[in-house]
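Colleague: I am new to this structure and would like a close look at a single part of it. Please take one strand and explain how it sits among its surroundings.

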Amino acid sequence: MKEITYVQAIAEALAEELERDEKVFCIGEDIQTGTFGATAGLVKKFGPDRIMDTPISETAIAGAAVGSAMTGYRPVADFMFADFMYIAFDEILCKAAKWRFMHEGTQQIPVVFMAAMGGYLGLGAEHSQSPVSYYMHTPGIKVVVPSTPYDAKGLMKSAIRDNNAVVYLYHKALLGSTGEIPEEEYLVPLGQADIKREGKDVTLVATGMQVQFALNIAEQMKDKVSIEIIDPRSLEPLDIDTIVKSVEKTGRAVVVDEDTSRCGAACEISMQIVEKAFDYLDAPVQRVAAKNYPIPPGAMEKFVLPQPQDIIDAVEAVMG
Amino acid sequence: MKLEKDQLVKFYSLMVRTRKLDNLMIEALNSGRMAGFYHAGPGEEAVGIGACTFNMRDDDYLYPHHRSHAIGFTLARGISPKGWVCRHFDKNPGEVEGPTAEERGIFGISGTIGGGFPLSLGWGITAKKNGKNQAVLSFFGDGASGRGTLHESMNMAAIWKLPIVWICENNQFGQFMPIKDAFAREDIADIAAGYNMPSAVVDGQDVLAVHEAVEVAVQKARAGDGPSLIECKTYRMRGHAEGVPDVDHVDPRSEKDKEAWRKRDPIVLFKENLIKQRILTAEEVSKIDKEADDEVAELDKYQQECPVMVPSDASILDVFLYAE
């Protein structure tokens, strides 16, 4: 095992896949430098034809990635901030997500759309969002959200090897967080949840930065309540079975999501728990997510983004 | 390259077949025996057929546009029209002989206008990376000139010298919007200068003029000299789609303009030219017309005999959704 940061883990995954498969290439704005470091240094090894810097042209970046994926390549399109992907929604939510389906399975579109998401850095409404719900909502596209260096590397490698469009959203506030990964190659399969901490009283479902909050809270509250933390890691496909199995054991569920509460991932996961494990529930499912406002800048963001105290309150509520 | 007699005859034959298939869909929709929508394009046959028939290799990529639902492109690329006809009637054509659309580099038509530009850019990247001198022909209508995707894609294609030929089929109307009120200049081709890209404006009613202009651009693309833009001036003879008002903003479109363009019907012009130059006799032309009529009748009969397009169960949707 070796210790590595979250962002280094992403860079390592990209480097290994670029090395392994000459059809893989990266395309995006300022990726040769790498705004968050995830693509930094790759151009030195793989050259500008495979680490392609583009003008500020999100629709063309996304569409070009889809077009080249249809014709035999495996592009990784980088959007810097997840917020910037909205510009290219026709390319991402229609072309990448629907063209295989529209053409009755005659096409393969192995493309990765990567971007940094998330708040807690005070960057304001258009640089802080965690827009997982749009992708989870749209049939035909997968979405993954790593919370640790181990998952960041393993999920990226699986996303690149997947023969479908995958949105890979990594969290800005976790870039420098550290963790252990094996020296040898490994993959984290898409659609497989990970139990980040075992417990028996409450099932706490969380992704990305919220997993770190949850781990701290579970430790903090361990004398009062035993919390089981489940990180779905991929929201589509969603490993609902692991979540349901945990709820059957604990009888209580709290679902945490950094995206806007209304129609968000927590909303969908909570409903699936209700549909599949209602008879096991000893208390109503609690949802913790960003409040239904744009994310304000600076210190004011605490009024909107989920806070550790909100998670504690939800755990106490289900415990009664 | 000077075209041989059989190539000239092929241009004529493809344009006639395209027109007759267009007419089949207009008749079927208006008579109520076909559902859905249809965007007819009689009078615009020379553009797609002139550009694609003899300038493309099997391994090139093509983005057609939605007018006539790309039947001219389909025929020009040597793809059987059986699938095209059957799908309009929601029928299953079964196994169809010959290459599929994908095997001729056609991956679909965007449901959003201007959605073809970024995809074409991607095919251009593929072509360049493959290093086999493939070319991309990417068509768009005048209305698509309003999209930002055009700018982003043309700019990047020019920076990277990608082998893309952008071809504007300017039929002078968006849905109800005349291009004169939607674009600030007379010629859409003028935007090419902003991307340091050569351009040409050609008579879209003249199949040979289109062929020649595209031939030059395709050769440049294959040689690694980057993209070009060709604007073909033509005219939309019918409404945007069958059954929608045929208007200029809100008023009926000018009958005078239509009449003037009707006199420049690309099929009639080319036929007269072939007869005048003694390439074909009037009798030979009639024979081609008759063969096209028979073929279209045969296709209509074929679709009537095909089963409806409903799979035995919905599990096929999972196969469509994700690849293994």
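Which residue in E7(A) is the bridge partner of A:Lys142?

Modeller: The bridge partner of A:Lys142 in E7(A) is A:Val166, and this should be read as part of a predicted model, one that scores ipTM 0.97 and pTM 0.97. That bridge belongs to the pairing of strand E6 (residues 142–144) of chain A with E7(A), which runs in the parallel sense over three bridges. Between these two strands the chain passes from E6(A) through helix H6 (residues 149–161) of chain A to E7(A), a β-α-β crossover that is right-handed. E7(A) also pairs with strand E5 (residues 112–117) of chain A, again in the parallel sense, here over six bridges, and within this part of the picture A:Ala116 has A:Tyr170 as its bridge partner in E7(A).

As for the surroundings of the strand, all six of the six residues of E7 (residues 166–171) of chain A are buried, so the strand is largely enclosed by the rest of the structure. In a regular strand the side chains alternate between the two faces of the sheet. For E7(A) both faces are covered, with A:Val166, A:Tyr168 and A:Tyr170 buried on one side, while A:Val167, A:Leu169 and A:His171 are buried on the other. A:Val166, the partner of A:Lys142, and A:Tyr170, the partner of A:Ala116, are thus both found among the residues listed for one side of E7(A).

Methods: Residues numbered from 1 in each chain as written. Chains lettered and ligands numbered in written order. Predicted model: local features only at pLDDT ≥ 70, side-chain atom pairs only at ≥ 80, totals over all residues. Buried ≥ 20, exposed ≤ 12 C-beta atoms within 10 Å, placed from the backbone. Helix = DSSP H or I, 4+ residues; strand = E, 2+ residues; numbered from the N terminus. Pairing = 2+ DSSP bridges. Right-handed = clockwise from strand over helix to strand, strands pointing away.
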